[in-house]
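Welcome! Please take a moment to look over the sequence and the 3D view below, and then we can walk through the structure together.

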Amino acid sequence: MSKVDSVFGTVPGPVIKEWGTSCTFIKKGEGTYDPATGLVTNSGTTYAVKAVMLDLDKTASKLYQEEDFKIMLDAEQINNEYMTVNDMFRITFDGVLRDCKIIEVKTYRGDSPILFTCIVRPQ
């Protein structure tokens with residue numbers, strides 16, 4: 001275990017769980033192709049999580065759109081798996097459930113992932 005894991009590994013979880021908003025994280029799995037129907041089924045794992053949602057400085061990059069925002073999530077809530085741009089969040093906005101595509105992800109880690117910050121775009 002690295003020093004980063006032992007010193008900082010336990011910090012994000014309790015803070016995010018206390019201050020975060022309930023949402024769903026969907027870890028996309030391997031897709032399977034059915035040649036008989038031509039359909040691709042994408043299996044995945046769904047996690048009920050709490051995440052901190054933050055405003056995004058849209059002037060920092062010309063790639064960001066008006067609805068984009070930042071999410072912080074501790075790795076413990078998703079079984080210390082790595083988050084990728086293939087994954088997504090499902091979040092309720094004003095009573096409407098919306099899928100949010102991850103367009104950028106940054107991982108803070110020692111030997112294992114500790115914290116993720118990602119930019120998401122509601123679909």
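## A question to start with

Is Asn80 exposed, partly exposed or buried? Asn80 counts as partly exposed, at 42% relative accessibility. Keep in mind that you are looking at a predicted model.

## The overall layout

Let us step back to the whole chain. The protein contains two helices and six strands, and from the N terminus on these elements follow the order α-α-β-β-β-β-β-β. Of its 123 residues, 35% are buried.

The surface and the contacts add to this picture. About 7,800 Å² of the protein is exposed, and carbon and sulfur atoms supply 53% of that area. Among contacts with a separation of 6 or more, 54% are between residues 24 or more positions apart.

## The nonpolar core

In soluble globular proteins, nonpolar side chains tend to be buried together. Here, the largest nonpolar core has 18 residues, and Phe25, Ile71, Met83, Phe89 and Val120 are those with the most contacts inside it. Two or more residues of this core come from each of β1 (21–34), β2 (39–54), β3, β4, β5 (96–109) and β6 (113–122).

Ile71 is a good residue to explore by eye. Leaving aside neighbours within four places in sequence, Ile71 is in contact with Ala51, Val52, Met53, Phe89, Ile91, Phe116, Thr117, Cys118 and Val120.

## Aromatic rings

The model has three aromatic pairs. One of them joins Phe69 and Phe93, whose rings meet edge-to-face, 5.8 Å centre to centre and with 80° between the planes. Because Phe69 lies in strand β3 (residues 69–74) and Phe93 in strand β4 (residues 88–93), this pair ties together parts that are 24 residues apart in sequence.

The two partners have their own settings: Phe69 is buried, with a relative accessible area of 10%, while Phe93 is partly exposed at 26%. Elsewhere, Phe25, Tyr47 and Phe89 form one aromatic cluster. Phe25 and Phe89 have already appeared among the core residues with the most contacts.

## The loop between β3 and β4

Now back to the part of the chain where we began. Asn80 lies in the loop between β3 and β4, and Asn79 has its place in that loop too. Most residues other than glycine have a negative phi. Asn79, however, has a positive phi near 55°, and Asn80 also has a positive value, near 60°. Asn79 is exposed, with a relative accessible area of 55%.

Gln77 is found in this loop as well, but Gln77 is buried, with a relative accessible area of 14%. The side chain of Gln77 makes a polar contact of 2.5 Å with the side chain of Asp74. Beyond neighbours within four places in sequence, Gln77 is in contact with Ile16, Lys17, Tyr47, Ala48, Val49 and Lys50. Tyr47 in that list is also a member of the aromatic cluster.

## Cysteines without a bond

How many disulfides does a search of the whole structure find? The search finds zero. A disulfide is a covalent bond between the sulfur atoms of two cysteines.

For Cys100, the closest cysteine sulfur is in Cys23, 8.5 Å away, which is too far for a bond. Cys118 also has its closest cysteine sulfur in Cys23, at 9.2 Å, again too far for a bond. Cys100 is buried, with a relative accessible area of 0%, and Cys118 is buried at 2%.

Terms used
Residues numbered from 1 in each chain as written. Predicted model: local features only at pLDDT ≥ 70, side-chain atom pairs only at ≥ 80, totals over all residues. Heavy atoms only, no water. Phe/Tyr/Trp six-rings, centres within 6.5 Å; stacked < 30°, edge-to-face > 60°. Helix = DSSP H or I, 4+ residues; strand = E, 2+ residues; numbered from the N terminus. Buried < 20%, exposed > 50% of the residue type's maximum accessible area, 1.4 Å probe, protein only. Core = buried A, V, L, I, M, F, W, Y, C linked by side-chain atoms within 4.5 Å. Contact = heavy atoms within 4.5 Å. Areas by Shrake-Rupley, 256 points an atom, 1.4 Å probe, with all protein chains shown as cover. Polar contact = N/O pair within 3.5 Å; in protein donor to acceptor, adjacent residues only side chain to side chain. Disulfide = S-S within 2.5 Å.
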